[in-house]
Structure formats: structure tokens, C-alpha cells
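Here is a friendly walk through a structure, with its strands as the main topic. Have the model open beside you as you read.

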Amino acid sequence: MIHREFSVDFIATLAISGSLLLREYLAGAMIVLMLSGGEELEAYALRRARRPSRPWPNAHRAPRTAHLWHQNHLIDGAAETIEVGMQIVVKPGELIP
């Protein structure tokens with residue numbers, strides 16, 4: 001307050017005090033509920049953000065083989081051998097290797 005910066009907590013305190021002065025107890029309770037619910041959601045989001053990242057969820061579904069287009073022929077090869085510039089064929093319903 002000294003620096004004329006008002007946070008959400010200060011504004012909520014004013015709103016709660018005003019609702020008590022006007023005897024609007026339900027409104028005060030709603031403000032408290034919204035404030036505490038928002039803080040809990042923020043804490044939950046922080047916990048999720050700080051959790052170690054998981055591997056790609058569909059990594060186990062990644063194809064092990066790829067259909068390579070080589071000299072006008074379709075050849076099946078290991079997906080690890082794909083290099084930049086190679087032409088691959090992805091058939092309908094398949095995942096891209």
C-alpha cells in the first residue's frame with residue numbers, strides 16, 4: 001500500500017470487509033471461496049509445471065519400420081535409418097516414422 005500497488009489479496013480483503021459491513025454474508029463467503037479456489041488452482045498448476053517431464057506419450061506406438069521409396073520401388077527398412085532427403089511413404093492409417 002505504501003507504493004500504491006494493490007494486489008488481489010488487498011482488493012479481496014476490501015470486498016470481504018464491505019460485504020460484512022453491508023451484512024451480505026453470502027457475498028463475502030463467495031469471495032473467500034473464489035480467492036481460496038484460485039490459490040489452490042494456481043498451486044496445482046505450479047506442481048504440474050515443476051513435475052519432471054514425461055516421455056512422449058505415444059512413443060511406444062512409433063513405427064519400427066518405414067516404407068522407403070528407392071529407385072521406383074517401395075522398400076521396407078528400419079525407421080532409424082531414415083535420413084534427411086529420403087522419400088518415405090506413409091500409408092493410410094499409419095503413423096509417420
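How many bridges join strand β1 to β2? In this predicted model, six bridges link β1 (residues 65-70) with β2, and the two strands run antiparallel. Within this pair, A66 stands opposite G77 of β2. The hairpin of β1 and β2 has two residues between the strands, and Q71 there takes a positive phi near 50°.

β1 also has a partner in β3: two bridges join them, again in an antiparallel arrangement. Here H67 stands opposite V89 of β3. Put together, the three strands form an open sheet in the order β2-β1-β3, with antiparallel pairing. The edge strands are β2 and β3, since each pairs on one side only.

Next, the surface. M86, I88, V90 and I96 make up a nonpolar surface patch of about 330 Å². M86 sits in the loop that runs between β2 (73-78) and β3 (88-89).

What about M34? This residue belongs to helix α2 (residues 25-50). M34 and A78 are 44 residues apart in sequence, and their C-alpha atoms are 55 Å apart in space.

The table sets out the two methionines.

| Residue | Location | Relative accessibility | Class |
|---|---|---|---|
| M86 | loop between β2 and β3 | 39% | partly exposed |
| M34 | helix α2 | 61% | exposed |

Why do they fall into these classes? M34 counts as exposed because its relative accessibility is 61%, over the 50% cut-off. M86, at 39%, counts as partly exposed because that class lies between 20% and 50%.

Definitions and conventions:
Residues numbered from 1 in each chain as written. Predicted model: local features only at pLDDT ≥ 70, side-chain atom pairs only at ≥ 80, totals over all residues. Heavy atoms only, no water. Patch = residues over 30% accessible without salt bridge, like charges linked within 9 Å, V, L, I, M, F, W, Y side chains within 5 Å. Areas by Shrake-Rupley, 256 points an atom, 1.4 Å probe, with all protein chains shown as cover. Salt bridge = Lys/Arg side-chain N within 4 Å of Asp/Glu carboxyl O. Helix = DSSP H or I, 4+ residues; strand = E, 2+ residues; numbered from the N terminus. Buried < 20%, exposed > 50% of the residue type's maximum accessible area, 1.4 Å probe, protein only. Pairing = 2+ DSSP bridges.
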